Amino acid sequence: MSTEASDAVSLSVGTASLRHDGSGRQAQGMVERVTVVAFAGMQSLDVTGPWEVMAGANRYRAARGEHPAYDLRLAGAEAEVVSESGLVMMATALGEPVRAGTLVVPGGRAAAAEDGHADLVAWLRECRPTRLLSICSGAFLCARAGLLSGRRVATHWSVSRDLGRRFSDLTVDHDALYVHDGPVWTSGGVTAGIDLALAVVAADHGARVAQQIARWLVMFLHRPGQQTQFSGPVWLERAAEKRVAAVQRALEADPTATHRVDDLAAQLAMSPRHFQRLFVRETGLTVGRYLAELRLEAAKRLLVQSDLGLDAVAARAGLGSAESLRRVFGQRLGTTPGAFRARFSTL
C-alpha cells in the first residue's frame with residue numbers, strides 16, 4: 001500500500017482538530033464522522049461489512065471505558081433504500097455534501113451503469129471528505145464525480161477492465177484486494193471491503209484493535225491489500241470437465257511436484273496443446289499459473305502456521321529456495337515472507 005504524506009489535511013470534529021493523512025492514527029479523544037452512502041441497487045454487504053468493522057472499533061473502546069471511535073451515519077436520497085439483494089435499509093437524508101470526515105461509497109451492479117444515479121454523482125461531486133473509502137464498483141460513482149482522478153485504485157475483478165477503459169485518468173490495480181493512495185482507499189468486491197475497513201481501523205487505532213475485530217467477525221486473518229482477490233484454492237475455478245478437475249485435484253494434492261504439461265496431457269491421452277487450451281478454458285489459468293497460485297498459498301499457510309525457516313517453507317511449498325520465496329512474495333503480495341509471518345502468524 002502507498003501512503004502520501006503530502007495529502008494530509010485538517011479535520012475538525014466538534015471543538016477539537018485532528019491531523020489526518022489517511023494513514024496515521026487518530027489523535028486521542030477524537031471521534032471520526034463516517035457517512036456511508038446508500039442508494040437503490042447497492043450491494044448490501046458493501047455497507048454492512050465496513051459498518052460492522054467500525055462499529056466493532058466502537059465496541060472495543062466502550063469495553064475499555066473510552067468514547068466511540070466513529071460516528072456512523074447511513075445517508076441516502078430516500079428514507080428506505082432497497083439493496084440489490086432486496087434488503088431494505090433505513091437512511092437519513094443526504095443533506096449537505098460531506099466536507100470533512102470519512103465518506104464511504106458502496107458498489108453494486110447499479111453503480112457501474114454509465115448513466116445511473118446522476119443525482120447521487122452530482123452530490124458526490126460537491127463532497128470534499130477528509131478520507132474517501134470506495135467499496136467494490138462504488139469506484140465508478142466516485143470516478144464519475146471526479147473523486148479518484150490521478151489515483152491508483154481497485155475495484156471488483158469483474159469490472160476492473162471496464163473501469164480502466166472508461167476512466168483513463170485512473171491507474172487500476174486489477175488484482176489487489178484494496179489500494180491505499182493518500183486519503184483515498186478503494187477495494188475489490190464484497191468481502192474486500194471488510195479487509196479495507198480493518199486496514200483503516202488499524203491505521204487509526206492500531207493493529208491490535210483491528211485484529212480483535214477480525215476475531216469477533218471470525219475472520220481467519222486480515223488480508224493485506226496487495227494480496228490478490230483470488231487468494232486461495234477455494235477461489236480457483238473448479239472445472240466442470242471431469243478430466244481437468246482430476247488434474248486440479250492432482251496439482252492440489254502435491255504442488256511441490258514438477259507437473260510437466262506433457263506428462264499431464266499424456267495421462268489424459270491428449271496432445272499438450274489441446275490439454276493446455278482445455279485447462280485454460282475450464283479454469284481461466286494456464287497450468288503453470290494455477291500451480292504458482294497453489295504454491296503461493298501453501299507458502300502462506302506454512303509461514304503463519306509453523307515456525308519453519310524460509311528455506312524449509314520454500315521447499316515444502318514447491319518454490320525451491322528462500323530467495324525464490326522472497327521474489328514471489330515481493331511480486332505478488334508487495335511484502336516479504338518475514339513481514340507476512342510477523343503480521344499474520346497464528347503461533
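This is a short dialogue on how to read the sheet and the core of a predicted model.

Visitor: Before looking at any single part, how many helices and strands does the chain have?

Guide: The secondary structure of this predicted model comes to 13 helices and 13 strands, and of the 347 residues in the chain, 54% count as buried.

Visitor: How should I read the sheet, and in which order do its strands lie?

Guide: A sheet is read by following which strand pairs with which. Here seven strands form an open sheet with mixed pairing, in the order β7-β4-β3-β8-β9-β13-β12. The edge strands, β7 (92-93) and β12 (178-181), each pair on one side only. At the β7 edge, two bridges join that strand to β4 (residues 70-76), and the two run parallel; Ala75 has Thr92 of β7 as its bridge partner.

Visitor: Which helix packs on the sheet, and which strands does that helix touch?

Guide: Helix α5 (residues 192-205) packs there, touching β4, β9 (131-134), β12 and β13 (184-187), and its direction makes about 150° with that of β13.

Visitor: What should I look for in a nonpolar core, and which residues touch the most other members here?

Guide: In soluble globular proteins, nonpolar side chains tend to be buried together. The largest nonpolar core in this chain has 68 residues, of which Tyr70, Leu103, Trp123, Leu124, Leu148 and Leu163 touch the most other members. Helix α5 gives the most to this core, with ten residues.

Visitor: What is Leu103 in contact with, leaving aside its neighbours within four places in sequence?

Guide: With those neighbours set aside, the contacts of Leu103 include Trp123 and Leu124, along with Thr35, Val37, Cys127 and Leu133.

Notes:
Residues are numbered from 1 along each chain as its sequence is written. This is a predicted model: local features need pLDDT of at least 70, side-chain atom pairs count only at pLDDT 80 or more; totals for chains, interfaces and linings use all residues. Side-chain values use heavy atoms; hydrogens and water are left out. Two strands pair if DSSP finds at least two bridges between them. Helices (H or I, at least four residues) and strands (E, at least two) are DSSP runs, numbered from the N terminus. Contact means heavy atoms within 4.5 Å. Axes are lines fitted to C-alpha atoms, for helices over the stretch in contact, and angles run from 0 to 180 degrees between N-to-C directions. Buried means under 20% relative accessible area, exposed over 50%, partly exposed in between (1.4 Å probe, protein chains only). A nonpolar core is a set of buried Ala, Val, Leu, Ile, Met, Phe, Trp, Tyr and Cys residues joined through side-chain atoms within 4.5 Å.
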